[in-house]
Amino acid sequence: FIASKSFILKKKAVITCQAFWRRLAAKSGVVKLREQLLMRLIAATKISCAYRSHAARGNTQLTVASIVTIQKYFRGHNARKMVKETLCLKNLEEERSTTIVQTYCRRYYCQSKHATLKAGILSFQAQTRGWLARTTARKLSNRREKAAGAIQKIYRGFAAFEKFIDTKF
């Protein structure tokens with residue numbers, strides 16, 4: 001029985017030692033496993049952080065590119081609008097200039113036409129007045145000639161009558 005008791009004690013001691021060493025090995029494995037998990041977690045966090053930074057930079061670059069594109073189109077629109085307004089003002093100024101030139105040309109044309117027409121009317125009036133004066137002078141001259149002829153006729157008749165009376169008496 002003593003041998004068996006000693007065997008049981010030895011067996012118990014061996015089992016306890018084995019349990020201790022297995023527990024130590026297990027704890028050591030758990031610690032290593034924890035350390036590995038912690039390292040993996042840290043690595044995953046760093047990778048995640050790096051990816052998020054990269055994505056944020058990509059989004060920022062995309063956002064900046066979008067903003068630059070919008071600014072480019074807006075500035076182009078404003079430039080075209082300004083050019084259009086400038087051309088409209090230039091066209092308006094050209095239209096005003098054209099209108100002024102047309103006004104002066106029409107005025108000159110009308111004035112020269114008026115002057116020509118006035119000269120023609122004055123010439124016509126002068127010719128008409130001259131014709132009327134000549135006609136009136138002719139009529140007056142004919143009337144005077146007739147009056148002179150009548151006077152001469154009466155005078156000659158009177159002179160002939162006196163001569164006749166002188167010769168008869």
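Where is threonine 116 found? Threonine 116 sits in helix α1. Helices here are DSSP runs of H or I, at least four residues, strands are E runs of at least two, and both are numbered from the N terminus.

Some ground rules. This is a predicted model: local features need pLDDT of at least 70, side-chain atom pairs count only at pLDDT 80 or more, and totals for chains, interfaces and linings use all residues. Residues are numbered from 1 along each chain as its sequence is written, and side-chain values use heavy atoms, with hydrogens and water left out.

Now the overall fold. The chain has one helix and zero strands. Its radius of gyration is 70 Å, well over the 15 Å that the globule rule gives for 169 residues, so the chain is more spread out than a compact globule. That radius is taken over C-alpha atoms, and the rule is 2.2 Å times the number of residues to the power 0.38. Along the principal axes, the C-alpha atoms fill a box of roughly 240 × 15 × 5 Å. Take one pair: threonine 116 and lysine 32 are 84 residues apart along the chain, and their C-alpha atoms are separated by 122 Å.

Next, exposure. Of the 169 residues, 2% count as buried. Buried means under 20% relative accessible area, exposed over 50%, partly exposed in between, with a 1.4 Å probe and protein chains only. Threonine 116 counts as exposed because its relative accessibility is 57%. The chain exposes about 16,100 Å², and carbon and sulfur atoms supply 66% of that.

Methionine 39 lies in helix α1, residues 2-168. Methionine 39 is exposed too, at 57% relative accessibility.

Last, the cysteines. How many disulfides are there? The count is zero, where a disulfide is a pair of cysteine sulfur atoms within 2.5 Å. Why does cysteine 105 have no bond to the closest cysteine sulfur? That sulfur, in cysteine 110, is 11 Å from the sulfur of cysteine 105, too far for a bond. Cysteine 105 is partly exposed, at 47% relative accessible area. Cysteine 17 is partly exposed as well, at 44%.

Terms used:
Accessible areas come from the Shrake-Rupley method with a 1.4 Å probe; for residues, only the protein chains shown count as cover.
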